[in-house]
There are 2 protein chains.
Amino acid sequence: MRRTPPRRPTIKDIARRAGVSESAVSFALNGRPGVSEATRERVRRVAEQLGWQPSTAARALSGEGAATVGLVLARPARTLGVESFFLRLVSGVQETLAARRFGLLFQVVEDLDAECAVYRRWWAERRVDGLLVVDPRAEDPRPGLLDGLGLPAVVIGAPAVTAPPGAAISTVWADDTGAMASVISHLHTLGHRRITHIAGLPELAHTRRRMACLRAEAARRGLPDARSVTTDYSDAQGAEATRRALAGPRPPTAIVYDNDVMAVAGLAVAAERGLSVPGDLSVVAWDDSVLCRNTHPALTALTRDTAAFGRRAAEHLLALLDGAPPRRTQDPTPTLLHRASTAPPPCEA
Amino acid sequence: MRRTPPRRPTIKDIARRAGVSESAVSFALNGRPGVSEATRERVRRVAEQLGWQPSTAARALSGEGAATVGLVLARPARTLGVESFFLRLVSGVQETLAARRFGLLFQVVEDLDAECAVYRRWWAERRVDGLLVVDPRAEDPRPGLLDGLGLPAVVIGAPAVTAPPGAAISTVWADDTGAMASVISHLHTLGHRRITHIAGLPELAHTRRRMACLRAEAARRGLPDARSVTTDYSDAQGAEATRRALAGPRPPTAIVYDNDVMAVAGLAVAAERGLSVPGDLSVVAWDDSVLCRNTHPALTALTRDTAAFGRRAAEHLLALLDGAPPRRTQDPTPTLLHRASTAPPPCEA
DNA sequence: TCAACACACTAAAGCGCATTAGTTGTTGGC
DNA sequence: GCCAACAACTAATGCGCTTTAGTGTGTTGA
């Protein structure tokens, strides 16, 4: 039983053991010129032997950055539906960051104002070198704020942001337009003409893109009854929106839900009203998940590699931190996984 | 358009503006004696005016700790079912940490070895002051490792850990035994005598507690056919275990699932075999979630305040960091939420 | 043969803060 | 009226690292 924890080794320890100065150690370990290959190798070995790792605090203090990026999730308490997407995204983000020994500082807050406050605090505390911004919205204050603070960022989910031209802000986004088009194509081909889109939060950029695409596709294909309604992503609002849609004068024969939770809730509403899925009503879920596979019937869903999406986002951020110019990148179009919840509409429709 | 980002204010800036030395500023802002009330107040005002926040790097370097705690999630890729529990837990953890301006460093890794490696690295890099350890298991190497490194920790999910007596390690855990007892009581009262428990990973401590309690209760009540089978928490293994249980010689009339995902998968298996729930088979899910509310029938589930659980865990860790002695705390017993998936067994049973 | 110069390395400063050891100026006690 | 005690403050040091400015040695060129 060792009561005193081991002291963390510093470059001073390495210097002593290797018989050189601390500066030489620093040069050697950082690949800087100024030491012979032999010395460099010796220092490396000693460092390894001692299990040395640079103190991020000391590094940060001497101007090297904190080797940490931040991610804030503004979650208005009720909106829990997007959970599984985020954990997969974060999991991908980590993979890339860990390879470069970057840490991820993670925080959940109530709303956008709190999120901005966290950014300011992290900046003042010098905690992070850059940020991953999720859930971009129209008139988003965050890109401007972060640019003002000089913090590089990658905005996940929107092609364009409201930030000055020179800002160190990259964007990555999913091809919501293409995805929505593929869904409408699938449903239209099956024979559906009355399609309702039960969307997520109206202020989010991707919600708007999906709604815009639905309108465009409906116009192009001559589907006057296609419409979108927005919700807060919760099962409760998803169910409520479903009830209203089905109770309307010209009820839809197909519903597209913006997340898995609402789709599942919608399925329950259909059952409660005695509608068979897919016989009377077809259902599509946006973003596949373990839920979609296990409902009865299993849900036709848009699927994509969310972890890979996260990896790419992190790569873009690391590139920015390395001084690369900002980029704008579209993710591959999600593919529609045909399961048992979509079929031709009932005959009388 | 401002091209040069604002410089972060330091205590030097405050000192200049307030007309005192840097040390006086430090004393004033940290509540240390050595400055008059008047000066202290003036310094505070200037600091506020400048939007000053202490640099965590500098603080960490001068021995104050990094104001950061870590949480590593070892997720063997397939095991995604526990997601919603973790996000709620983390969300609670944050609430407590944010109030004390602590950050949460979060990482997802593949397995236990990788998790231990992360602990070592964080320690060497001086990134964290303490850790939250989840998914404790029998013969868990982590408490010993962390004690050896001198890192305080709170183990979430087990009453006891294998660590030296003096270790700065607290534990908080849910009352799995009481919860399982309430489930068995409910089912037994309804008339069930053949109960199967489809559990999670066998190496986890709470899985063992649940299994042990099932055995004890079954013995006490004289239910020879009660048994547990372990899985990896995935919907696939949950479904598979359900199929095997139902195909056996004396199939259960009630199944208890260790998470919501497997319960939902089990529901699908019952449907596929033409069994009505709860007419032919009763189903109970451990941990309520949005899934349980939206299946058909809605699932009877054990429910608890996971965010509060996270808050308490974080409080215990902060207490340890403040030098308080380690504590062992049991969470309130989860309550069984009676929904539509449990009923008396069929008559011929 | 001596200056010019590259090379391998060391010394020293600085990042922002906490802290310890001074340095004043003011009271209090006798 | 003199020294001790104290309050209010400043100067200096160190945390671990990076980086700039040296310092000494050996090699080269004219």
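The following conversation concerns a predicted model of two protein chains with two DNA strands.

Trainee: Where should we begin with the protein interface, and how many residues does the contact take from each chain?
Mentor: Because this is a predicted model, local features are reported only at pLDDT of at least 70. The contact takes 64 residues from chain A and 64 residues from chain B.

Trainee: What area do the chains bury between them?
Mentor: Chain A and chain B bury about 5600 Å² between them, and 58% of that area is on carbon and sulfur atoms. On the chain B side, Arg8(B), Leu87(B) and Arg126(B) lose the most area to chain A, together 13% of what that side buries.

Trainee: Why quote an area at all?
Mentor: The size of an interface is often given as the accessible area lost when the parts come together.

Trainee: How many salt bridges are there between the chains?
Mentor: The count between chain B and chain A is two. Arg293(A) forms a salt bridge with Asp235(B), with the closest N and O atoms 3.0 Å apart.

Trainee: And how many residue pairs are in polar contact across the interface?
Mentor: There are 19 such pairs across the interface of chain B and chain A, with both residues at pLDDT 80 or more.

Trainee: Which elements of chain B supply the side that touches chain A?
Mentor: Several elements each supply at least two residues, including helix H4 (56–64), strand E1 (68–74), helix H5 (83–99) and strand E2 (103–109) of chain B. H5(B) gives the most to this side, with seven residues. By class, the side of chain B that touches chain A has 33 nonpolar, 16 polar and 15 charged residues.

Trainee: Changing topic to the DNA, which residues are closest to DNA strand C?
Mentor: DNA strand C is surrounded by 28 residues, and the closest are Ser21(A), Ser36(A), Thr39(A), Ile11(B) and Arg59(B).

Trainee: Which part of DNA strand C lies within 4 Å of the protein, sugar or phosphate, or bases?
Mentor: Of the atoms of DNA strand C within 4 Å of the protein, 61% belong to sugar or phosphate, and the rest belong to bases.

Trainee: Which side chains approach a phosphate oxygen of DNA strand C?
Mentor: Among them is Ser21(A), with a polar side-chain atom 2.6 Å from a phosphate oxygen of the strand. From chain B, the side chain of Asn30(B) has an N or O atom 3.0 Å from a phosphate oxygen of DNA strand C. For the side chain of Trp52(B), the corresponding distance is 2.9 Å.

Trainee: Which element gives the largest share of the surface near DNA strand C?
Mentor: H4(B) does, with five residues. By class, this surface near DNA strand C has eleven nonpolar, 13 polar and four charged residues.

Trainee: Now DNA strand D: how many residues surround it, and which are closest?
Mentor: DNA strand D is surrounded by 28 residues, of which the closest are Ile11(A), Ser26(A), Arg59(A), Ser21(B) and Ser36(B). Sugar or phosphate accounts for 60% of the atoms of DNA strand D within 4 Å of the protein, and bases for the rest.

Trainee: Which atoms of chain A lie by its phosphate oxygens?
Mentor: One of them is a polar backbone atom of Ile11(A), at 2.6 Å from a phosphate oxygen of DNA strand D. In the side chain of Asn30(A), an N or O atom is 3.1 Å from a phosphate oxygen of DNA strand D. A polar side-chain atom of Arg32(A) lies 3.2 Å from a phosphate oxygen of DNA strand D.

Trainee: Which element supplies the largest share of the surface near DNA strand D?
Mentor: That is H4(A), with five residues.

Trainee: One last area: is Asp287(B) buried or exposed, and why?
Mentor: Asp287(B) counts as buried because its relative accessibility is 13%, under the 20% cut-off. Asp287(B) sits in the loop between strand E9 (282–286) and H12 of chain B. Its side chain makes a polar contact with the side chain of Arg304(B) at 3.1 Å.

Trainee: And where is Arg273(B)?
Mentor: Arg273(B) is in the loop between H11 and E9 of chain B. Arg273(B) is partly exposed, with a relative accessible area of 39%. Leaving aside neighbours within four places in sequence, Arg273(B) is in contact with Arg243(B), Leu246(B) and Ala247(B). The C-alpha atoms of Arg273(B) and Arg126(B) are separated by 56 Å.

Methods. Residues are numbered from 1 along each chain as its sequence is written. Chains are lettered from A and ligands numbered from 1 in the order in which they are written. Side-chain values use heavy atoms; hydrogens and water are left out. Contact means heavy atoms within 4.5 Å. Buried area is the accessible area (1.4 Å probe) that two parts lose on being put together, summed over both. A salt bridge is a side-chain nitrogen of Lys or Arg within 4 Å of a carboxyl oxygen of Asp or Glu. A polar contact is a pair of N or O atoms within 3.5 Å; within protein, one must be able to donate a hydrogen and the other to accept it, and residues adjacent in sequence count only if both atoms are side-chain atoms. Helices (H or I, at least four residues) and strands (E, at least two) are DSSP runs, numbered from the N terminus. Ala, Val, Leu, Ile, Met, Phe, Trp, Tyr, Cys and Pro count as nonpolar, Asp, Glu, Lys and Arg as charged, and the others, Gly among them, as polar. Buried means under 20% relative accessible area, exposed over 50%, partly exposed in between (1.4 Å probe, protein chains only). A residue is near a molecule or strand if one of its heavy atoms lies within 4 Å of it.
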